[in-house]
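User: I've got a new model open and want to go through it with you. Can you keep the answers short?

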Number of protein chains: 2
Amino acid sequence: MRRDIFQAIADPTRRAIVMLLAVQAMTPNAMAEHFYTSRQAVSKHIRILVECDLLEQEQQGREIQYTLRASKMNEIEKWLDQFKALMAKRFNQLDDVLKRLKEKKK
Amino acid sequence: MRRDIFQAIADPTRRAIVMLLAVQAMTPNAMAEHFYTSRQAVSKHIRILVECDLLEQEQQGREIQYTLRASKMNEIEKWLDQFKALMAKRFNQLDDVLKRLKEKKK
DNA sequence: TATACACGCAACCGATCGGTTGCGCTATCT
DNA sequence: AGATAGCGCAACCGATCGGTTGCGTGTATA
C-alpha cells in the first residue's frame, strides 16, 4: 500500500476534502453533506488522508474534528520545484547551444 | 477510467518519467534503462501519461521520441494556488477574529 | 532477402481502489 | 434507563492498477 501525498490527492473527492478542510476543521458528517457520496465513503477517504499524514483528528465528545496538516502540502510544491529546476536547466542548456551556434557564426 | 494530471503523477515511476522527460525527450527503451522495471511496464506508464495529455510522441524511424508537454504541469500549480488562496482566506478570518478580540479588550 | 530491433497491443494475474452494507461502540438526548 | 446520533471497522463487490508474457508490425541492418 503506497501512502504519500500524491496518492492522497489522486482522488477528486479527497482533493475536495482537502479544500474543505483548508477553510475550516470539520467532522466526517459535515464533510459528507458537501458531497453526493455516503458518510462511509467519505470516512474511507478520511482514513487514507490520515494514513498519508495529511489530517489530524481531535475527539470532541461523540464527534471527531479533522484538521488539515497544511505543511504536508509543501511536499507537492517541493516536487514541483524540483521539476521546474530541471526544466530551467534544460533551457539553460538550450541557451548554451544557441550561444555556441552564435560563436560559430562569427 | 479517470485520466487527469493528479492520476498521472500518483505513481512514483510516472513521476520519475516526468522528471526524465523534463531534462530531454526520450524513447521508451531509454527511459526503461533508468529504472529496474521492464520496457513493457514503462510502456504502460507512457500510455497513461499520453492519455493524460502529458506526453507528445514523434515517430522517428522505428523509434518514438516522447516529449513532455510541460504546460500540463501548470494544472497542479493552479490547484495548489487555489488551495493556498483558501488557506490565506482562513488566516484572514483568523486575523478578523483577533482584531475583534482586541476591540473588545478596549 | 533474412535477421534483428523498437515498439504497441492484448491477455492474463494478484493487489488495491472506491463504494456499499451491516455491525458495534460510545456519547448525547429524552 | 432507553432511544438516537456520530463514528470506526470489517466484509464484500466490481473496477482499475501495475506488472508480466507473448505476439504482431514496421524499420533498420547484414
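**DNA and the two chains**

User: How far is the side chain of Gln40(A) from a base oxygen of DNA strand C?

Analyst: An N or O atom of the Gln40(A) side chain lies 3.2 Å from that base oxygen. That fits the polar contact rule (a pair of N or O atoms within 3.5 Å; within protein, one must be able to donate a hydrogen and the other to accept it, and residues adjacent in sequence count only if both atoms are side-chain atoms).

User: Anything I should know about the model and the numbering?

Analyst: It is a predicted model: local features need pLDDT of at least 70, side-chain atom pairs need 80 or more, and totals for chains, interfaces and linings use all residues. Residues count from 1 along each chain as its sequence is written, chains are lettered from A and ligands numbered from 1 in the order written, and side-chain values use heavy atoms, without hydrogens and water.

User: Back to Gln40(A). What does it do at DNA strand D?

Analyst: A polar side-chain atom of Gln40(A) is 3.0 Å from a base nitrogen of DNA strand D. Gln40(B) has a polar side-chain atom 3.0 Å from a base nitrogen of DNA strand C.

User: And which phosphate oxygens are touched?

Analyst: On DNA strand C, one lies 2.8 Å from a polar side-chain atom of Arg3(A). On DNA strand D, one is 2.8 Å from a polar side-chain atom of Asn29(A). Another pair there involves Ser38(B), also at 2.8 Å.

User: How many residues surround DNA strand C?

Analyst: There are 25, taking a residue as near if one of its heavy atoms lies within 4 Å. Lys44(A), His45(A), Asn29(B), Ser43(B) and Tyr66(B) are the closest. Of the strand C atoms within 4 Å of the protein, 65% are sugar or phosphate, and the rest belong to bases.

User: Which helix gives the most to that surface?

Analyst: Helix 4 of chain A, with five residues. Helices here are DSSP runs (H or I, at least four residues), strands are E runs of at least two, and both are numbered from the N terminus. Near DNA strand D, the largest share is also five residues, from helix 4 of chain B.

User: New topic. How do the chains meet?

Analyst: 29 residues of chain B contact 29 of chain A, where contact means heavy atoms within 4.5 Å. About 2700 Å² is buried between them, and carbon and sulfur atoms give 70% of it. Buried area is the accessible area (1.4 Å probe) that two parts lose on being put together, summed over both. Met19(B), Trp79(B) and Phe83(B) supply 23% of what chain B buries against chain A, more than any other three residues.

User: How many salt bridges cross over?

Analyst: Six, by the rule: a side-chain nitrogen of Lys or Arg within 4 Å of a carboxyl oxygen of Asp or Glu. One joins Lys84(A) and Glu77(B), at 2.4 Å from N to O. On the side of chain B that touches chain A, helix 5 of chain B gives the largest share, ten residues.

User: What turn lays chain B on chain A?

Analyst: A turn of 180 degrees, with a shift of 0.0 Å along the axis and an RMSD of 0.0 Å. So the copies are related as by a two-fold rotation axis. Ala10(B) has the C-alpha nearest the axis in chain B, 3.0 Å away. The superposition is least squares on C-alpha atoms of residues with pLDDT of at least 70 in both copies.

User: Why do the copies meet through the same surface?

Analyst: Because 100% of the interface residues of chain B are also interface residues in chain A.
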